[in-house]
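Notebook open, coffee poured. I'm jotting down what I look up as I go.

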Amino acid sequence: MPSIRKRVAVAGAAAIALTTTIAMTTAHAVTPPRAGAAGPVAAPADTTYTAAEVLAGVKKNSTAANQVNTKPHINTMTRAMNVNVYQVASGVYAYTSSMAIDDDGSDPDPDPDHQGDTTWHDSNGKALAAHHVPFYVLGDDCWDRKTPCPHFFYKEHGMSGRQFALMFYNGKVIGSIFGDTQTANNQTTSDNDSRELGEASVKAAQLLGIPSSGTTGGVDNGVTVVMFSGPSWVVNGTNANLNANAQALVQKALNTLGAAMAGTNPPPTGTLFEAESGTLSAGGTFDSNHTGFTGTGFANPANAVGAYVDIPVTADTAGTRTLTFRYSDGTTAARPATISVNGTSHGTLNFPVTANWDTWANVSITVPLKAGTNTIRIAGTTAAGDANIDSVTVSP
Ligand code: GCU
């Protein structure tokens with residue numbers, strides 16, 4: 001059911017206690033995402049990310065290159081045509097706008113424009129309760145009547161009802177679900193239309209410390225909504241527990257998005273040897289000018305055929321081991337390299353490109369090691385030399 005936002009005095013909506021919001025603190029930086037990939041982000045990494053880190057990454061990735069819409073959306077409160085939607089990681093979409101207050105649904109509300117239904121329902125088929133469930137509002141249809149839609153249209157992005165989002169405002173983050181839609185083109189009762197972005201439920205406003213009256217509440221700017229597409233991010237539950245179920249996903253969502261934006265492919269389990277403990281052929285350097293490395297830096301071998309880094313690794317006993325190289329290649333061409341152990345070549349690995357020099361990937365090869373110290377040489381086979389090499393992990 002399309003929502004209509006109008007302002008009329010509302011009494012008594014303020015007394016609902018705030019549930020937990022996660023305070024924003026800072027620690028490590030979040031670096032740019034892989035570009036271009038489609039589909040929902042992968043399983044969460046173990047790393048814990050704070051709300052401040054993730055919001056910083058979202059802002060950093062809200063670039064023209066990542067913009068999804070080609071025509072601007074309308075800020076629901078100010079009516080300014082200046083809201084855009086960005087794919088900040090694979091399958092994750094973010095915008096920053098106002099929060100107008102939607103009081104529709106099964107909770108009673110004195111707003112004369114209150115509608116008893118919401119577009120999406122709880123798992124029992126009941127209209128959502130705007131005073132109990134934090135939900136956000138998206139356009140009901142493609143205003144332009146085009147495919148692909150020049151505006152962000154949820155149906156084109158793997159989203160449906162109760163799709164999870166993180167909402168950030170003024171140092172807080174909450175979980176929220178896609179609950180209602182903004183007036184379709186055929187609605188003539190208000191000046192609203194489906195290009196609007198920037199509306200959420202009474203409960204979402206309360207949790208974020210925003211005035212929550214459906215007629216006098218809201219905030220004009222500064223609310224960032226980060227929507228997670230795909231069926232695994234649809235939140236189930238009833239009006240009684242959808243809020244708790246959404247909040248229970250907040251840290252998982254922060255970790256998942258934080259890891260996706262950092263391009264972290266952590267080294268596998270095993271014994272890790274840092275490239276910076278090794279030696280380089282002429283012209284190579286150990287650098288730390290890109291993010292995401294382990295240890296104190298990474299090897300940047302020279303750009304020349306045969307340029308190499310030698311990394312000493314130890315083994316308790318002789319035997320076959322898997323070597324996994326963590327590397328980055330921010331160019332547009334792979335950097336194949338020959339892998340040698342104690343002077344004997346064991347073949348060439350391709351080292352495919354990564355999204356940028358801050359994004360790390362893993363490639364593996366199985367080789368024989370002797371007991372004690374072994375020298376692993378990674379030697380580029382092209383004039384570009386090696387990729388940047390962060391580490392080698394030895395596993396059984
Ligand atoms: C860039 C990048 C280096 C990289 C080099 C290369 O200069 O900053 O880290 O090693 O390209 O092409 O090898």
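How far is an oxygen atom of the ligand from an N or O atom in the side chain of N303? I get 3.0 Å for that pair. Note to self: this is a predicted model.

**Entry 1, ligand contacts.** I went on to the other polar partners. The side chain of H290 puts an N or O atom 2.8 Å from a ligand oxygen. For N388, I read 2.7 Å between a polar side-chain atom and an oxygen atom of the ligand. I also checked how much of the ligand the protein covers: on its own the ligand exposes 320 Å², and the protein buries 72% of that.

**Entry 2, ligand shell.** Which residues surround the ligand? My list reads H290, N300, N303, R335, W357 and N388. By class, I count four polar residues, one charged and one nonpolar in this shell. The charged one is R335 and the nonpolar one is W357.

**Entry 3, disulfide.** I looked for disulfides and found one in the structure. It links C142 with C149, at an S to S distance of 2.1 Å. Is this disulfide right-handed or left-handed? The torsion about the S-S bond of C142 and C149 is about 90 degrees, so I noted it as right-handed. Then I asked whether its two ends are buried or exposed. C142 has a relative accessible area of 7%, so I put it down as buried, the cut-off being under 20%. C149 comes out at 8% relative accessibility, so C149 is buried by that cut-off too.

**Entry 4, cavities.** How many cavities of 30 Å³ or more are there? I have three on the page. The largest cavity has a volume of about 40 Å³. I wrote down its lining as well: H73, L138, G139, F152, F153, Y154, S194, E196 and L197.

Methods. Residues numbered from 1 in each chain as written. Predicted model: local features only at pLDDT ≥ 70, side-chain atom pairs only at ≥ 80, totals over all residues. Heavy atoms only, no water. Near = heavy atom within 4 Å. Polar contact = N/O pair within 3.5 Å; in protein donor to acceptor, adjacent residues only side chain to side chain. Areas by Shrake-Rupley, 256 points an atom, 1.4 Å probe, with all protein chains shown as cover. Disulfide = S-S within 2.5 Å. Buried < 20%, exposed > 50% of the residue type's maximum accessible area, 1.4 Å probe, protein only. 1 Å grid on protein atoms, 1.4 Å probe; cavity = no way out; pocket = protein on both sides within 12 Å on 5 of 7 lines; lining within 4 Å. Points joined across faces, edges and corners; volume = space filled by probe spheres on them.
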